[in-house]
Amino acid sequence: MRGVDNMREGLRNRIRRLSAIIQKEAIQILRDRGTLVMLLLMPVLEMFLFAYAVSLTVDHIPTAVADASMDAQSRAFVGALVASGYFDIDMYVADETQVIQAIDEGRVKAGIVIPPNFAAQIERGEAQALVILDGSDAASVSSGYSAANAVAQSWAMGLTVEKVARVGAASLGGDISLPIRTSTRVLYNPDRDDMIFIVPGLIAILLQVMTIGQAATAVVRERELGVTEQILITPARPIELLIGKMVPNLVLAVIVMLIVVLFGIFWFGVPFKGNPWSFVWLSLLFIISGLGLGLLISTVAKTQRQARQITLLFMLLCMLLTGLIYPRQPMPPIVKAVSNLIPATYFVRIARGIITKGVGLSFMWADVLVLVVYSVVVVVVSALTFKKRLD
Amino acid sequence: MDEQVVISTQNLVKQFQVKDGAVTAIDGVTLQVRRGETYGLIGPDGAGKTTTTRVILGLLTRTSGQSSILGHDSMRDTYRIRERVGYIAQQFALPGDLTVMENVRFFARVQGVSSAEQRRRIPDLLEFAGLSGFTDRLASRLSGGMKKKLALACSLVHEPQVVLLDEPTLGVDPVSRREFWNLLGDLRRERGTTIFVCTPYMDEAERCNWVGLMYEGRLIAHDSPGKIKQMVPGRLLEFKPSDFVPAWRLVPDLPGVLEVQTYGAMLHIFVDDPDRRGREIEAALAAQGITCEGMREIETRMEEAFISLIRKQSAGASDAA
Ligand SMILES: Nc1ncnc2c1ncn2[C@@H]1O[C@H](COP(=O)(O)OP(=O)(O)O)[C@@H](O)[C@H]1O
Ligand SMILES: [Mg+2]
């Protein structure tokens, strides 16, 4: 009887402690108006920035064509490229060398090389065309490469895209060639409405940066101020402190997620094709992994400054590596390996899968599984690093 | 266990691992704090007071020796200790973006105080700490002295039998310091709370009924303040020489002079017979053309006793070496 009473009392105290910690964190988040407003406005602001950046997409790229076939099919293919609006044919030249020369001299920014017997190859389904892009102009590379891919897709042919740095013919041997068969961006984005792709990715990046930053600075700030020791001496258990820090930030992250999604749907007209509930559950999972990662960072960072710098580094990595802006396929293996360590890499795919493509879990179970394992690992590890003593 | 002993350590040692070896912060400390006592752990910065307090509370692991509080081993019964003691850390901060009331309520709930008990206790506690008029003020907006009082209120909200206060008057003006010590006096009288205070201020030691003098990780003396002062042989003369350095060089060699300490522009001299030696010192200095201003006998204070004990300690250490 006494044992049961003790257990009940123990549980009651545990709930009291947990709710006290959650309430304290919540009050602190709500009192820090500046940070709160920024956290809630940032997503909207960034969406506008992206929308604006997207409208700067380069089209009417000056292009040179070397058509060795000069048959109906090759002319139709070039016609399709022009019709896409991305390519303006400025000159016809004899061969690939002259195309590269034209790019080198800065007269064009792209070149299309069509081999002989194009029509016959199309018949056999093994047509190859080469699109050469001026590597010194990142904007025309990405626009041109998406557009060329889209056209090639509809022609059901292989396409080789090559980047040429405008540095003269001598160094051309070292050029990076990008034999890319498809580009998801173009495949699922036939109307070139980039927001449909940007919004899901943006949710991932924003949530990632926010959760890491919030969790890391919340812990480091208390340690810096000297609050940690004063709370450590209470009976609050490490796991309660951990959960207490996570819960209010989790709620905040969900609110930000909803803001971005609703803004994307109602302002930018992004259709939400998949199941909203699976999206909510998976974002919770993703948010937990981010908060766990932030708590882990707090064990490394000594000062708030350091915590912010590490968060900033993550933001940069997220922007560059997770596939939000740059496709991941052409990345060198080591860069890909680094990107595999960022939870957002998986969630960018999941978010696009659910929102843009409307696919079910069965199409992305691998990403979900990785995210589950990731969350469990970071939360367990950070719980273990939340010690009950100072040393 | 002896019901009367609230805190006890036996040959307590704490070493910190640093880049080039180990720092011994506590070097074999044995102390006992009895129920209802106000125990002052006194010593200069770096003596090891904070480390001792943290080890007793189980906030740091110990390297060797024993330590317990309220009969619970510091290392084993971590949470039972945390439910039963109050503590104000040296560089403490309470969440500054919470109000006074929110802070007290936070610590009450974390300590498992029921809502009914909170309603009963908190108003009294805030009244006691003189914070009743400031319940809605953010903790960060309180003055230094009020912050300390709030910390005290928070550390008392679960009515602990013992509180450990690590330099609670650090950075506080003299008036607030006095107020704070008056609160501690009330606490001891009204509730019988055992109080363990760390402080570098010798005058605060006089407010304790037992003091431990800590120096370089060791407890070099522990007794009542009166007894500690009696540990220094001789009686104390104070005066201001017109020429300080020569006087300071000359006096130690005079007959009957046991020890010389400097105190600002004054000299503090322990002698066997104050009347006789006072005249002799004046005469000896006058022969060198030095006049003595305000020669008088004063009570030995904790400060002089402490300096004297430290000197003997280091002299003993260098003899042994
Ligand atoms: N975490 C630590 N790591 C290394 N050395 C420490 C640490 N904490 C305290 N010390 C050292 O232990 C000694 C005692 O410090 P402390 O207990 O803070 O003294 P006090 O509180 O009396 O000023 C000092 O020499 C200090 O430098
Ligand atoms: Mg200290």
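A cavity is a set of points, on a 1 Å grid over the protein atoms alone, where a 1.4 Å probe fits but cannot get out, and its lining residues have an atom within 4 Å of a point. This is a predicted model, in which local features need pLDDT of at least 70 and side-chain atom pairs pLDDT 80 or more, while totals for chains, interfaces and linings use all residues. Residues are numbered from 1 along each chain as its sequence is written, chains are lettered from A and ligands numbered from 1 in the order in which they are written, and side-chain values use heavy atoms, leaving out hydrogens and water.

By the cavity rule, 2 cavities of 30 Å³ or more are found. The largest holds about 90 Å³, a volume being the space filled by probe spheres set on grid points joined across faces, edges and corners. Its lining has 13 residues, and nearest its centre are I233(A), Y87(B), F107(B), C154(B) and S155(B). Strand 6 and helix 5 (144-156) of chain B each give two or more residues to this lining; helices (H or I, at least four residues) and strands (E, at least two) are DSSP runs numbered from the N terminus. The lining comprises 7 nonpolar, 6 polar and no charged residues, with Tyr and Cys among the nonpolar types and Gly among the polar ones.

Turning to the metal, the magnesium ion (ligand 2) has T50(B) (OG1) and Q90(B) (OE1) as protein donors, lying 2.0 Å from it. Donors are N, O and S atoms within 2.8 Å of the metal (3.2 Å for Na, K and Ca); water is not among the atoms, so sites may look incomplete.

Note on methods. On a 1 Å grid over the protein atoms alone, a cavity is a set of points where a 1.4 Å probe fits but cannot get out, and a pocket is an open set with protein on both sides within 12 Å along at least five of seven lines; lining residues have an atom within 4 Å of a point.
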